[in-house]
Amino acid sequence: MRCFWDDRQLAHAPSVELHNGAFVPFAETASRAGSILAAIGPTEAAADHGEAPLRAVHSEDYLAFLWSAHKDWRAAGRAGDASGYAWPVVRRRPLALDRIDARLGAYSFDASSPIAAGTWEAAYWGAQTALSALGAVLAGERAAFALCRPPGHHCGRDYLGGYCYLNNAAIAAEAAIAAGRQRVAILDVDYHHGNGTQDIFYDRGDVLFASIHADPLLDYPFFWGHEDEIGEGEGEGATLNLPLPRGSDLAAYLPALDVALERVTAFAPDLLIVSYGADTFAGDPISHFRIETGDYAAIARRIASLGKPTLVVMEGGYAVDALGANVASFLEGLS
Ligand code: Q9C
Ligand code: ZN
């Protein structure tokens, strides 16, 4: 399978995140990519598709914020990574947002996604990596893998969060539609609900979002991913949430996967995008499913049995030592 990667994604390296009330080492490390690269064989470099595909998903003001946030943080005399500490939960009216602290709060929904000096560069090339792998699929490849980091599925049109800054899967979906594909299905199999992707396409009938994830009553991101979220307007019925309990293993996972795949089949997409997170792994340090390395091949084989052109976009997965083997297992099952 053709795999895409760009070294500039290593530039994103925040030092700490807020976790259970304390600052701990940032879990979404650059070493994750090293583990994957060592396991999957040769990769192709990303080509630059410019900012237009980013603007098709993210708002102009959000992109401007993200581009300058770390410089603005430094200009305010701050050391370390930029992070918000006050959030406009009650949105009263549009405000000027003169302080970087106000912008950080307005354009984020959590405190686990700091902005470091290289965040924009890495996120930009992550999106380009997704677009480059999409290019291979649009050119006729049955499947391609985009090794994206930072990941993307938690961030929305105008907010970051959950280690995500640009929504790589959503950017690829919009680019596919711009290139003439009419219906795109996004299957999200990260441990966490892909709240940003859901939000971006919530009122869209041409993009199906189907997600299997930990029950948000118990796990991040808490406020989204519940079964009764089904889309709205023209998008009603084009969002499918399948939350599973903590401790779910392959036997618990496969029936949900079959439900999701039946929905994808019924939607009859021209393209399938898989938001793949390996944080469903039994050994993941921040998650609570029990999927084993070999299980990813079985999951991927079922996905491949749909016979759709498929773009796989990397999302989470924090058991760094096993991450490469988990990704390789998934890609092997897809081939
Ligand atoms: N105390 C992805 O897998 N932090 N993002 C949780 C737990 C956020 C995960 C903190 C986890 C985000 C792409
Ligand atoms: Zn995740």
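I began with Thr-239 and listed its contacts beyond four places away in sequence, finding that it touches Gln-198, Tyr-202, Leu-208, Phe-209, Glu-229, Ile-230, Gly-231 and Arg-263. I note at the outset that this is a predicted model, and I read what follows with that in mind. I then placed Thr-239 in the secondary structure, where it lies in strand 8, which spans residues 239-244. Is Thr-239 buried or exposed? I looked up its relative accessible area, which is 2%, and because buried means under 20%, I entered Thr-239 as buried.

I turned next to ligand 1 and asked which residues lie closest to it. I found 14 residues surrounding the ligand, the closest being His-19, Asn-20, Gly-162, Asp-279 and Tyr-318. For Tyr-318, I also recorded a separation of 2.6 Å between an N or O atom of its side chain and an oxygen atom of ligand 1. In the side chain of His-192, an N or O atom is 3.2 Å from an oxygen atom of the ligand, while for His-154 I noted a polar side-chain atom 3.3 Å from a nitrogen atom of ligand 1. I then checked how much of the ligand is covered, and found that the protein covers 88% of the 410 Å² of accessible area that ligand 1 has on its own.

My last entry concerns the surface, where Val-16, Leu-18 and Phe-23 make a nonpolar patch of about 280 Å². I located Val-16 in strand 2, which covers residues 16-19, and recorded this residue as partly exposed, with a relative accessible area of 34%. Val-16 can count towards such a patch because its 34% is over the 30% required.

Note on methods: Residues are numbered from 1 along each chain as its sequence is written. Chains are lettered from A and ligands numbered from 1 in the order in which they are written. This is a predicted model: local features need pLDDT of at least 70, side-chain atom pairs count only at pLDDT 80 or more; totals for chains, interfaces and linings use all residues. Side-chain values use heavy atoms; hydrogens and water are left out. Patches are made of residues with over 30% relative accessible area and no salt bridge: like charges are joined within 9 Å, nonpolar side chains (Val, Leu, Ile, Met, Phe, Trp, Tyr) within 5 Å. Accessible areas come from the Shrake-Rupley method with a 1.4 Å probe; for residues, only the protein chains shown count as cover. A salt bridge is a side-chain nitrogen of Lys or Arg within 4 Å of a carboxyl oxygen of Asp or Glu. Helices (H or I, at least four residues) and strands (E, at least two) are DSSP runs, numbered from the N terminus. Buried means under 20% relative accessible area, exposed over 50%, partly exposed in between (1.4 Å probe, protein chains only). A residue is near a molecule or strand if one of its heavy atoms lies within 4 Å of it. A polar contact is a pair of N or O atoms within 3.5 Å; within protein, one must be able to donate a hydrogen and the other to accept it, and residues adjacent in sequence count only if both atoms are side-chain atoms. Contact means heavy atoms within 4.5 Å.
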